[in-house]
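Take a walk through this protein chain, one element at a time. Keep the structure in view as you read.

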Amino acid sequence: MQQKLNLYNTLTRKKEVFEPLHPPFVGMYVCGPTVYGEPHLGHARSAVTYDVLYRFLKSEGYKVRYVRNVTDVGHLESDADEGEDKIQKRAKLEHLEPMEVVQHYTNIYHEELRKLNVLPPDIEPRASGHIIEQIQMIQEILDNGLAYEVNGSIYFDVQAYNKDHHYGKLSGRNIDDLIGNTRDTEGQEEKRSPVDFALWKKASPAHIMRWPSPWGEGFPGWHLECSAMSRKYLGTTFDIHGGGLDLMFPHHECEIAQSQASNSHTDAARYWIHNNMITVGGQKMGKSLGNFINLSELFSGNHEMLEQAYTPMTVRFFILQAHYRSTLDFSNEALQAARKGYTRLMNGLGILKKLKYPEEPAEPDAKLNEELLKLAEDCYRGMNDDLNTARTIAALFNLLKKINSLNLGQIRMEQLSRGTFDTVRSTYQELVLNVLGLQEEPVGDLGEMLDLVLQFYKEAKETKNYDKVDVIRAELKKQGITIKDLKTGIDWAYEE
């Protein structure tokens, strides 16, 4: 039976069969970083989550246009309409132009994601490069009577919008509760209602990042960029919008309102997907809380919370071992366990490279073949069940047990049909490498050198030179490699 991809849609609060608007084409927009500091583990979780979705959709034959933005203007300190622009504040501290800050941290973000084997998006637009599109969208909202101007700033009229639509349907918020719970802050006096949000802000004399507009010099509100850029590159209605759970309100809620108010369509995105947060001792990890770990610190081990350095693939596996909608709690123990899990999967790849199907197989074992095919199918069942990478990894480990049995001779290759063997191998390799995006990390100088060392090891065993045997074992162990003496011969594996 052909499996179908089911995704949890935050908008409807249920899993739904994924049906693209224009198959086989898929439009996917994901909120990227605000680039005013180094990326941390929380950024990595979002990037890896949507990288896996992107990879899986492509693996299933879809032609995906993946758009992930860079926020380089308009994101104020409060995440609302008050405070200083985060990038401008960093620029002042470092005595740089704001776009120097943007370029510097964007470069770092790209480099750290490259180490994690996160594929680049197809389009990576910047907010500052789409001011014209944002001004156009603001004018459409004004023309539709759902925004108003005050002293050169434009605000979205949430209560007017809510008469015909539902502001709060994504996050489950109630507008009356929002009004009652909103505190009075500086700048709120311009608004008709405390729940209204800025589409365009008039620039104060000290504000560096500013552009001309029909309402005077200013800059766009934070929420507007994603509505404008997703429409430009994916159309007024597209398939998937992703982002962190912390963006659901107000950012994504405001996106929905802006898109509907400007083009009179229903929701711009058909499936809203949100990854959960990384926690430390149950508390959210983030810059504002001061408990975050930069990726560069994770990879170097240079942080007080770290007992050691962790490789990028260890970090990627750590993220993948939990379902993206569940919280993931950081600990050294969890990362060390992730390293072992990652190593086991990599060893399976090494075994599959060496296994050869016989030219003259015997009569296959029907029951065994059926069991192996079911295990392979289970690996995909996890991915189709709302990208449940934890379930897929567990299924891959079950399949790996059979691969190890083949390697040890406990299952004879002759018992498998050629089709079953090819399915097992292709399923394991496709999911580990191309979907989960794991890759082998260099351990010393391998290749021909390792083959030569194993030859020396074999000769030492045959001549009963056990001191030399022990030395070779010990030296390879330092490089994270274990020698295995099997009935089928001498082999090596990454140490688990």
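## From parallel strands to pockets

Strand E9 (residues 238-244) pairs with E10 in the parallel sense, over six bridges. Look for Gly242: its bridge partner in E10 is Ile273. Strand E10 covers residues 269-275, and six of its seven residues are buried, so the rest of the structure largely encloses it. Strands of a sheet pair through backbone hydrogen bonds, in either a parallel or an antiparallel sense. This is a predicted model, so pLDDT sets what is reported: local features need at least 70, and side-chain atom pairs count only at 80 or more.

Now step back to the whole chain. It has 496 residues, of which 52% count as buried. The secondary structure comes to 16 helices and 15 strands. Along the principal axes, the C-alpha atoms fill a box of roughly 90 × 50 × 35 Å. Consider the contacts with a separation of 6 or more: residues 24 or more positions apart account for 74% of them.

Go next to strand E3, residues 25-30. Five of its six residues are buried, so E3 is largely enclosed by the rest of the structure. E3 pairs with strand E4 (residues 63-68) in the parallel sense, again with the bridge count given as six. Val30 has Arg68 of E4 as its bridge partner.

An open sheet comes next. Its three strands have the order E12-E11-E13, and the pairing is mixed. Strand E12 (283-284) and strand E13 (328-330) stand at the edges with a single partner strand each, so one side of each has no neighbour in the sheet. Strand E11, residues 278-280, runs parallel to E13 and is joined to it by three bridges. Ile278 stands opposite Leu328 in E13.

Turn to the helices. In helix H2 (residues 86-94), the buried residues are Lys86, Ile87, Gln88 and Ala91. An α-helix has 3.6 residues a turn, so residues three or four places apart point the same way. What do the buried residues of H2 pack against? They pack against helix H3 (98-115). The two ends of H2 also deserve a look. At the start, a side-chain oxygen of Asp85 reaches to within 2.8 Å of the backbone nitrogen of Ile87. After H2 comes His95, whose phi is positive, near 55°.

Stay with H3, because it holds a charged residue to inspect: Glu112 is found in this helix and counts as charged. Is Glu112 buried or exposed? Glu112 is buried, with a relative accessible area of 4%; the cut-off for buried is under 20%. A polar atom of the Glu112 side chain lies 3.1 Å from the backbone nitrogen of Ser296. Set aside the neighbours within four places in sequence, and Glu112 is in contact with Pro39, Leu295, Ser296 and Phe299.

H2 also leads to an open space. The second largest pocket holds about 430 Å³ of space. H2, strand E6 (153-156) and strand E7 (197-202) are the elements that give two or more residues to its lining. Twenty residues line this pocket, and Asp81, Gly83, Lys201, Lys202 and Ser204 lie nearest its centre. By character, the lining of the second largest pocket divides into nine charged, six polar and five nonpolar residues.

Finish with the enclosed spaces. How many cavities of 30 Å³ or more does the structure hold? It holds seven. The largest cavity has a volume of about 90 Å³. Two elements, helix H1 (41-59) and helix H10 (312-320), give two or more residues to its lining. H1 supplies the largest share, four residues. The residues lining the largest cavity are Arg45, Val48, Thr49, Val52, Ile319, Leu320, Ala322, Tyr324, Leu387 and Thr389. Seven of them are nonpolar, two are polar and one is charged.

How values were computed
Residues are numbered from 1 along each chain as its sequence is written. Side-chain values use heavy atoms; hydrogens and water are left out. Buried means under 20% relative accessible area, exposed over 50%, partly exposed in between (1.4 Å probe, protein chains only). Contact means heavy atoms within 4.5 Å. A polar contact is a pair of N or O atoms within 3.5 Å; within protein, one must be able to donate a hydrogen and the other to accept it, and residues adjacent in sequence count only if both atoms are side-chain atoms. On a 1 Å grid over the protein atoms alone, a cavity is a set of points where a 1.4 Å probe fits but cannot get out, and a pocket is an open set with protein on both sides within 12 Å along at least five of seven lines; lining residues have an atom within 4 Å of a point. Grid points are joined across faces, edges and corners, and a volume is the space filled by probe spheres set on the points. Two strands pair if DSSP finds at least two bridges between them.
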